[in-house]
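Let's take a walk through a protein chain together. Have a look at the sequence and the 3D picture first, and then we'll go through the parts one at a time.

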Amino acid sequence: RASTRNILSENNLHDDNKSFMDYVREQSSNPNINYTVSQEIADIIVLFIAGTDTTSISTEWGLVLLSKQPEIQKKVRDELMTVLAKNGVDFKNSKSIVFDIKLLTQLPLFRACVHEILR
């Protein structure tokens, strides 16, 4: 059974450096294919909505499952509060919160929860 990667490679359509939209752009400029700018925009909107929807649903269910595990929820909250306090982040004043990857590296339990939710 041929994989998609093999089919794309055999037809010189596969390149690890290209995104799906790169291929769409190439095909839209092909005079033998009737693919309009309106269709391209519609595809981009569908991809955006689909990505947003799956992420929000995953996050919602993750929070529901986390709410059913109060001991884990407390550990994650305590870790967050400790790291925020240690780094001088006033979480009560949302304007003072600066999203920094360095903070995430200090939150192994929080990262594990996020990874498990999105797994």
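Below is a short tour, from the whole chain down to single residues.

## The big picture

Before anything else, keep in mind that this is a predicted model. The chain has six helices and zero strands, so to write its pattern along the sequence you just put down α-α-α-α-α-α.

How much of the chain is buried? Buried residues account for 12% of the 119 residues. As for who touches whom, take the contacts between residues at least 6 apart in sequence: 37% of them join residues at least 24 apart.

## Helix α2 meets helix α3

When two helices pack, people describe the pair by the angle between the axes and the distance between the axes. Let's try that on α2 (residues 20-28) and α3, whose axes are 11 Å apart and pack at an angle of about 165°. An angle over 145 degrees counts as roughly antiparallel, and therefore α2 and α3 are roughly antiparallel to each other. The crossing of α2 past α3 is right-handed.

Which residues do the touching here? On the α2 side you'll find Phe20, Met21, Val24, Arg25 and Ser28, and they meet Glu40, Ile44 and Leu47 of α3. Sorted by class, the residues of this contact of α2 with α3 come out as five nonpolar, one polar and two charged.

## Helix α4 meets helix α6

Now for another pair: α4 (residues 70-86) and α6 (residues 108-118). Their axes come within 8 Å and cross at roughly 130°. That angle makes α4 and α6 oblique to each other, and α4 passes α6 in a left-handed crossing.

The residues Ile72, Lys75, Val76, Glu79 and Leu80 of α4 meet Pro108, Leu109, Phe110 and Cys113 of α6. In this contact of α4 with α6, the classes are seven nonpolar, no polar and two charged residues.

## The nonpolar core

Which residues make up the largest nonpolar core? There are five: Val83, Leu84, Val89, Leu103 and Leu107.

Let's zoom in on one of them, Leu107. If you skip its neighbours within four places in sequence, Leu107 is in contact with Glu79, Leu80 and Val83. Val83 is also a member of that largest core, while Glu79 and Leu80 turned up in the contact of α4 with α6.

## Two residues in helix α3

Leu66 sits in helix α3 (residues 37-67). Is Leu66 buried or exposed? Its relative accessible area is 18%, and buried means under 20%, so Leu66 counts as buried. Leaving out neighbours within four places in sequence, Leu66 is in contact with Ile72, Gln73 and Cys113. Two of these, Ile72 and Cys113, also appear where α4 meets α6. Leu66 and Ile117 are 51 residues apart in sequence, yet 9.2 Å apart in space, going from C-alpha to C-alpha.

Ser58 is in helix α3 too. With a relative accessible area of 27%, Ser58 is partly exposed. Its contacts, again setting aside neighbours within four places in sequence, are Ile117 and Leu118. And if you go from the C-alpha of Ser58 to the C-alpha of Val114, the separation is 9.8 Å, although the two residues are 56 residues apart along the chain.

Key: Residues numbered from 1 in each chain as written. Predicted model: local features only at pLDDT ≥ 70, side-chain atom pairs only at ≥ 80, totals over all residues. Heavy atoms only, no water. Core = buried A, V, L, I, M, F, W, Y, C linked by side-chain atoms within 4.5 Å. Buried < 20%, exposed > 50% of the residue type's maximum accessible area, 1.4 Å probe, protein only. Contact = heavy atoms within 4.5 Å. Axes fitted to C-alpha atoms, helices over the stretch in contact; angles between N-to-C directions. Helix = DSSP H or I, 4+ residues; strand = E, 2+ residues; numbered from the N terminus. Parallel < 35°, antiparallel > 145°, perpendicular 65-115°, else oblique. Left-handed = near helix turned anticlockwise from the far one by under 90°. Nonpolar A, V, L, I, M, F, W, Y, C, P; charged D, E, K, R; others polar.
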